[in-house]
Amino acid sequence: MSEITLYDFELDENCYKVRLLLSVLGLSYRKVAVNMVPGREHLAVALMTLNPRGSLPILTNGEFVLSEAEAIMTYLARAYDDGNTWLPAEPKGHGTVAMWLQFASRDLHAAYLARRLAMFDEPGDEVALGLAARRAFRLMEDHMTAREFDRAAWFVGDNPSLADLALFPAIALSRDFGIEHEAYPALRRWMRLLRAIPGFMTMPGISDYY
Amino acid sequence: METGWYPVALAEGLERGTSTGTRLFGRELVVWRDSADTSHVWEDRCPHRGMRLSFGFVRDNHIACLYHGWQYDTSAQCRYIPAHPDLAVPNTIRVATYPSIERLGIVWAYDDLDSDAPQDIGFAERAPVTPVRSLYIDASAAKVFDALVLAECPSLKDAGGATQRSRTDALASLKSGGDEILVAVQPLSDVESALHIVIAGSPDVHSGDSQKRVSAWGEALRREIEGAAGYAGELRHGVAP
């Protein structure tokens, strides 16, 4: 059987999304540590050959190569989650999870850039990024507030899904770029539940204690 | 800034064994609930190194600082210092506290640190209430009240006639027939506020539909207030990847 390999940077939240899913699925894999900052190894010839986009994470499984965290997550769920709990087979649930995965890569990209700016001194407009990140967090807060009125605990459906795992890192790490959790009580309660998912793991910047 | 009672959280939303950071007039507070279900409002500052206690964690009836694990009991007294496990901790090591009370399903704090004799909160308990949500708005408390005194009570189960409005320093009531919502306003800073919204009436009647209606009403009010304040976040669309 071919071996799953993850090209990983420990401090990158997109790599963390994939590590988190691999962990809750209980999959063993080989981790290749990439020195993204300050080494910029993801832009060197070896990794650019594997992924011309020059982004992390990259996952390989035998000859198969895939980049982009959300895409990797859907692949892993389809390939290894027989019960379809993490990516529902039912059309509406599937579509809604896909929408939130898109949200995680698009609307929350501002949060990603804000953190890169704050932690690694990468370029960006701090004020504009902060506003856009807060706007995305507010949409998540309003959604989970509405979900609580229906006594629902997760972003989609009755169980945790890829949506929850993909949305978690940006808000959990928001203090790295100066956004407190004060204004997000529903997200605080959701994050607390999420930490209790079997196989949950943290990354630097997300406290083991809560 | 006026000394008085201000809301800091919805009581139900503050789960047992959890803490959260918040602000009153820009000053940082930690609000936490112990394992015996009592809520506490303290200065958000560990006396050891000044770390925010809201970054720490609650264990049983103690809150612990994330930096060095100093533990404080429900009276804000430091009881345990992990680096000196045999030390009888001196009584002088304690966190400054705010008088606090739960009323109308909301946690209130009297914004005078270590005050012995706070004034009466000035309104009676009313039970039952149905908590709706806390809503954070990029506008001053004064601007929020400007909008609240013109707002219509959302129609719930028993609407009847024009909205009757009343307010105290930090609480507004909107009433129409048998429907009534209560909105407590927390001044976070000069330019940010939090609204803590409850329905006067039993959850048996108001869970679900009424909560959704009032929550949507609150979101519309937020749009209106932030729109009037020229809120940049609504105008500047998300930064595209």
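## Exercises on a predicted model

**Exercise 1.** Which strands of chain B form a hairpin with 3 residues between them? Describe their pairing.

*Solution.* Strand 13 and strand 14 of chain B make this hairpin, and 3 residues separate them. The model is predicted. Next, place the strands: strand 13 covers residues 164-167 and strand 14 covers residues 171-176. Their pairing is antiparallel, over 4 bridges. Finally, pick one bridge: Arg167(B) is partnered by Ala172(B) in strand 14 of chain B.

**Exercise 2.** Where does the largest nonpolar core lie with respect to domain 1 and domain 2 of chain A?

*Solution.* Start with the core itself. It holds 61 residues. Those with the most contacts inside it include Leu76(A), Phe137(A), Phe168(A) and Trp190(A). Then look at the suppliers. Elements giving at least two residues each include strand 1 (4-8), helix 1 (13-24) and helix 6 (126-149) of chain A. Helix 7 of chain A gives the most, with 9 residues. Now bring in the domains. Domain 1 (4-80) and domain 2 (91-194) of chain A both contribute, so the core lies between them.

Another core, of 27 residues, lies apart from this one; Ala9(B) and Val41(B) are among its members.

**Exercise 3.** Is helix 8 of chain A largely enclosed or largely open? Name what its buried residues pack against.

*Solution.* Count first: 7 of its 10 residues are buried, so helix 8 of chain A is largely enclosed by the rest of the structure. The buried residues include Pro185(A), Arg189(A), Trp190(A) and Leu194(A). Then find the partners. The buried residues of this helix pack against helix 6 and helix 7 of chain A, and against strand 12 (129-137) of chain B. Zoom in on one residue: beyond its sequence neighbours within four places, Phe168(A) is in contact with Trp190(A), Met191(A) and Leu194(A), among others.

Conventions:
Residues numbered from 1 in each chain as written. Chains lettered and ligands numbered in written order. Predicted model: local features only at pLDDT ≥ 70, side-chain atom pairs only at ≥ 80, totals over all residues. Heavy atoms only, no water. Core = buried A, V, L, I, M, F, W, Y, C linked by side-chain atoms within 4.5 Å. Buried < 20%, exposed > 50% of the residue type's maximum accessible area, 1.4 Å probe, protein only. Domains from an automatic or database assignment. Contact = heavy atoms within 4.5 Å. Pairing = 2+ DSSP bridges.
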